[in-house]
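Welcome, and please open the model in your viewer. We will go from stop to stop, with a selection to make at each one.

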Amino acid sequence: MLHHLGFERAFCVVTAEDPMGARQPPDLNDALVARLREQARKIDAVQVDVDACGVDGSHCERSIAIEIDIQAAIRLADVYRQLAIFWFDGDAFWIIPVRSNKAKLKLP
């Protein structure tokens, strides 16, 4: 796992930017990220600010990696109207749908 960052078990990566996948103005995304960070600070869990980026690096979103269970992660992402979260199960990263009927997807 990512022990050097403090993670000892499974964790999620969640963002508040661009709800429902719709690009938002920078000031709105700034406010959403600030709200997510404030909410996350209230959770007693290992957490690190990260940039979650597409494979080609063309799109990144300010996110939080946080060591909470998968159901709590889904609820947190749902508050910010996110379509999915990244989930690290200890062996692999997955894309877990939050607001879609798509199947979870194991990343290479």
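Which residue with a positive phi follows H2? Select Arg-81: this residue comes after H2, and its phi is positive, near 55°. Keep in mind as you look around that this is a predicted model.

**Stop 1: around Arg-81**

Stay with Arg-81 and show the backbone on both sides. You are in the loop that links helix H2 (70-79) to strand E4 (84-88). Arg-81 is not a glycine, yet its phi is positive. Now turn on the surface: the relative accessible area of Arg-81 is 42%, so this residue counts as partly exposed.

**Stop 2: helix H2**

Next, select residues 70-79, which make up H2. Begin at the start of the helix by showing the side chain of Asp-69. One of its side-chain oxygens comes within 3.0 Å of the backbone nitrogen of Gln-71.

Then colour Ala-72, Ala-73, Ile-74, Leu-76 and Ala-77, the buried residues of H2. As you look down the helix, remember that an α-helix has 3.6 residues a turn, so residues three or four places apart point the same way. What do the buried residues of H2 pack against? Show E1, H1, E4 and strand E5 (93-97), and you have their packing partners.

**Stop 3: Asp-18**

Two of those partners lead to the next selection. Between strand E1 (11-15) and helix H1 (26-41) runs a loop, and Asp-18 is found there. Asp-18 has a phi near 50°, again a positive value in a residue other than glycine. Is Asp-18 buried or exposed? Its relative accessibility is 6%, under the 20% cut-off, so Asp-18 counts as buried. Arg-81, in contrast, is partly exposed.

**Stop 4: the whole chain**

Finally, zoom out and switch to a cartoon view. You should find two helices and six strands, and walking along the sequence gives the order β-α-β-β-α-β-β-β. The C-alpha atoms fill a box of roughly 35 × 30 × 25 Å along the principal axes. The radius of gyration is 13 Å, which agrees with the value near 13 Å for a compact globule of 108 residues.

Colour by burial, and 36% of the 108 residues count as buried. Among contacts with a separation of 6 or more, 49% join residues 24 or more positions apart.

For a last view, show the surface: it comes to about 6,500 Å², with 54% belonging to carbon and sulfur atoms. Then colour the charges, 13 positive and 16 negative side chains, whose two centres lie 5 Å apart.

Methods
Residues numbered from 1 in each chain as written. Predicted model: local features only at pLDDT ≥ 70, side-chain atom pairs only at ≥ 80, totals over all residues. Heavy atoms only, no water. Helix = DSSP H or I, 4+ residues; strand = E, 2+ residues; numbered from the N terminus. Buried < 20%, exposed > 50% of the residue type's maximum accessible area, 1.4 Å probe, protein only. Rg over C-alpha atoms; globule rule 2.2 N^0.38 Å. Contact = heavy atoms within 4.5 Å. Areas by Shrake-Rupley, 256 points an atom, 1.4 Å probe, with all protein chains shown as cover. Lys, Arg positive; Asp, Glu negative; His and termini not counted. Charge placed at Lys NZ, Arg CZ, Asp CG, Glu CD. Polar contact = N/O pair within 3.5 Å; in protein donor to acceptor, adjacent residues only side chain to side chain.
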